[in-house]
Amino acid sequence: MKDIFVQAIGIFGTILFFLSYQCKSNKSLFRVQFISYLCYTIHLLMLGAITGGISYILNTARSFCLGSKNTFLKGKTMCWIICVLQLVTLMFTWDGWWSILPVAANIASTIGGYTYNARKIRAAGMFINSPLWIAYDIAVGSWAGVLDEVVSEASMIISVWRYGWKNLDSVEE
């Protein structure tokens with residue numbers, strides 16, 4: 001029963017993450033992802049996937065920063081702070097080569113997010129973040145995580161189809 005509950009928490013995060021890419025506003029996207037990341041933090045920590053769980057705590061903080069009105073939290077310095085914290089997480093939670101996967105994925109998404117360019121955000125997600133997270137989720141037994149990344153890929157493709165790849169090239173803070 002516990003396994004079903006743990007996977008259900010992850011599936012709820014999946015639903016929210018799917019919905020996030022249907023938001024045209026980056027601000028709304030980051031806010032919905034904030035709640036999704038909280039679900040995934042709990043999910044991964046309950047699975048014992050410490051690197052992934054702590055990385056999601058940083059993702060949660062990143063979404064809060066990107067969705068805020070505070071200039072410092074939305075600035076390049078905060079981007080670098082979050083990336084360095086991802087590397088620190090890797091050092092302190094090392095559990096084998098698969099520990100690199102969520103950290104590399106999250107650094108790519110952090111840099112993509114801090115461009116505030118919808119096309120770059122989706123490109124980082126589609127080509128780096130999701131593939132690396134799928135591999136990690138398989139390694140740690142997060143079936144909800146695999147589903148999340150497959151659904152996220154589909155959602156990003158749908159958003160590109162809905163808004164057009166060229167129309168997503170604008171920068172919105």
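Which residues have the most contacts inside the largest nonpolar core? Select Tyr21, Phe30, Tyr56, Met78, Tyr114 and Trp133: these hold that place in a core of 30 residues. At least two core residues come from each of α2, α3, α4, α5, α6 and α7 (143-163). Keep in mind throughout that the model is predicted.

Stay on Tyr114 and show its neighbours. Leaving out residues up to four places away in sequence, Tyr114 touches Arg62, Cys65 and Leu66. Its other contacts are Leu73, Lys74, Gly75, Lys76, Met78, Cys79 and Ile82. Of these, Met78 is also among the core residues with the most contacts.

Next, select helix α5, residues 100-113. From the first C-alpha to the last, its 14 residues reach 20 Å, close to the 20 Å expected at 1.5 Å a residue. The helix is mostly covered, with 11 of the 14 residues buried. Colour the buried positions: Leu101, Pro102, Val103, Ala105, Asn106, Ile107, Ala108, Ser109, Thr110, Gly112 and Gly113. To see what covers them, add α2 (26-47), α3, α4 and α6 (118-140), which are included in that cover.

Now turn to the surface. Select Phe72, Ile81, Val84, Leu85, Val88, Met91 and Phe92, which form a nonpolar patch with about 680 Å² of accessible area together. Finish on Phe72, in the loop between α3 (50-67) and α4 (76-93). Is Phe72 buried or partly exposed? Its relative accessible area is 45%, so Phe72 counts as partly exposed.

Key: Residues numbered from 1 in each chain as written. Predicted model: local features only at pLDDT ≥ 70, side-chain atom pairs only at ≥ 80, totals over all residues. Heavy atoms only, no water. Patch = residues over 30% accessible without salt bridge, like charges linked within 9 Å, V, L, I, M, F, W, Y side chains within 5 Å. Areas by Shrake-Rupley, 256 points an atom, 1.4 Å probe, with all protein chains shown as cover. Salt bridge = Lys/Arg side-chain N within 4 Å of Asp/Glu carboxyl O. Helix = DSSP H or I, 4+ residues; strand = E, 2+ residues; numbered from the N terminus. Buried < 20%, exposed > 50% of the residue type's maximum accessible area, 1.4 Å probe, protein only. Expected span 1.5 Å × (residues − 1). Contact = heavy atoms within 4.5 Å. Core = buried A, V, L, I, M, F, W, Y, C linked by side-chain atoms within 4.5 Å.
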